[in-house]
Amino acid sequence: MTRSTHDQTRTDELLDHDADGIREFDNALPRWWLYGFYFTIAFAAFYLVNYHVMPRPLVGHAGMLAEYQAELEAASKAAASHPRVAKAGTVLAALTDPASLEKGRAIFEGPDNTCFACHRLDLGGLVGPNLTDDKWLHSCSIQDVVNSVMTGYPQRGMLPYGTGKPLTEEQVLQVTSYVLSKRGSSPPAPKPPDEERDKTCQ
């Protein structure tokens with residue numbers, strides 16, 4: 001009885017072994033550490049059952065494909081509910097002043113909307129199409145390009161505004177004007193047009 005009580009209350013008692021001259025105390029682990037450890041075990045068990053045992057997860061989506069599809073659907077709904085800049089009867093004109101084009105370039109190359117990730121810094125096309133030639137899948141009028149930027153094409157991997165982060169109407173017009181200003185710039189090794197789907201811009 002006495003020994004048991006002593007074992008439960010002793011602290012800072014050095015163990016009789018060492019590793020490279022380092023010895024350790026035989027102390028109980030802090031409760032916060034133990035509770036955290038127990039939580040990770042419980043979370044791992046729940047994760048295993050939720051995603052790898054159950055036919056339909058209680059939390060989350062059934063795989064990366066389902067999660068990606070859910071993101072596309074959410075982006076499509078957001079785009080459909082967002083008013084377009086180019087309303088019926090509205091005539092837009094491309095901006096041509098250097099300050100506006102520079103702001104458009106900064107948006108195109110910036111980290112928030114990452115247009116360059118799919119279209120390349122020189123707009124020659126990578127995953128996305130070449131924006132410097134006269135062969136476009138969608139119309140290349142400023143009204144249609146503005147609407148393309150705002151609504152995106154989620155089924156093709158382009159979210160509204162590139163990444164889904166909204167731009168103001170002025171910023172949309174700036175980045176659209178910058179894109180249109182680069183037509184005919186002839187970047188090296190551009191992505192070739194798809195002759196079966198692309199049409200010549202008028």
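## Salt bridges, core and helix H4 of a predicted model

Arg 197 counts as partly exposed, with a relative accessibility of 31%. This residue belongs to a predicted model, and its salt-bridge partner is Asp 194. Asp 194 is likewise partly exposed, at a relative accessible area of 34%. In the pair, the closest N and O atoms lie 3.6 Å apart. Elsewhere, Glu 102, Arg 105 and Glu 109 are joined into one network by salt bridges that share partners.

**Salt bridges**

In total, the structure holds seven salt bridges. Side chains of opposite charge can pair when their charged atoms come close. Three of the pairs are listed here with their N to O distances.

| Pair | N to O distance |
|---|---|
| Lys 165 and Asp 112 | 3.5 Å |
| Asp 122 and Arg 120 | 2.8 Å |
| Asp 194 and Arg 197 | 3.6 Å |

The salt bridge of Lys 165 with Asp 112 links distant parts of the chain, the two residues being 53 residues apart. Lys 165 sits in the loop between H6 and H7, whereas Asp 112 sits in the loop between H4 and H5. Is Lys 165 buried or partly exposed? Its relative accessible area is 43%, so Lys 165 is partly exposed. Asp 112 has a relative accessibility of 41% and also counts as partly exposed. For Asp 122, which meets Arg 120 in a salt bridge, the value is 25%, again partly exposed.

**The chain as a whole**

The chain contains seven helices and two strands. Read from the N terminus, the order of its elements is α-α-α-α-α-β-α-α-β. The chain has 202 residues, and 27% of them count as buried. Its accessible surface is about 14,100 Å², with 60% belonging to carbon and sulfur atoms. For contacts between residues at least 6 apart in sequence, 60% join residues at least 24 apart.

**Nonpolar core**

In soluble globular proteins, nonpolar side chains tend to be buried together. Here the largest nonpolar core consists of 22 residues, and Phe 108, Trp 136, Val 146 and Val 172 have the most contacts inside it. At least two residues of this core come from each of helix H4 (98-109), helix H6 (142-151) and helix H7 (169-181). Which helix gives the largest share of this core? H7 does, with six residues.

Trp 136 is one of the core residues with the most contacts. Leaving out residues up to four places away in sequence, Trp 136 touches Asn 130, Leu 131, Val 145, Val 179, Leu 180, Arg 183, Asp 198, Lys 199 and Cys 201.

**Helix H4**

H4 has twelve residues, which at 1.5 Å a residue should span 16 Å. The C-alpha atoms at its ends are 16 Å apart, in agreement with that expected span. Which residues of H4 are buried? They are Ser 100, Leu 101, Gly 104, Ile 107 and Phe 108. Viewed down the axis of H4, these buried residues fall within an arc of 115°, so they line one face of the helix. An α-helix has 3.6 residues a turn, so residues three or four places apart point the same way. The cover over the buried residues of H4 includes helix H5 (116-119) and H7. One buried residue of H4, Phe 108, is also among the core residues with the most contacts.

Note on methods. Residues numbered from 1 in each chain as written. Predicted model: local features only at pLDDT ≥ 70, side-chain atom pairs only at ≥ 80, totals over all residues. Heavy atoms only, no water. Helix = DSSP H or I, 4+ residues; strand = E, 2+ residues; numbered from the N terminus. Buried < 20%, exposed > 50% of the residue type's maximum accessible area, 1.4 Å probe, protein only. Contact = heavy atoms within 4.5 Å. Areas by Shrake-Rupley, 256 points an atom, 1.4 Å probe, with all protein chains shown as cover. Core = buried A, V, L, I, M, F, W, Y, C linked by side-chain atoms within 4.5 Å. Expected span 1.5 Å × (residues − 1). Arc of directions from axis to C-beta. Salt bridge = Lys/Arg side-chain N within 4 Å of Asp/Glu carboxyl O.
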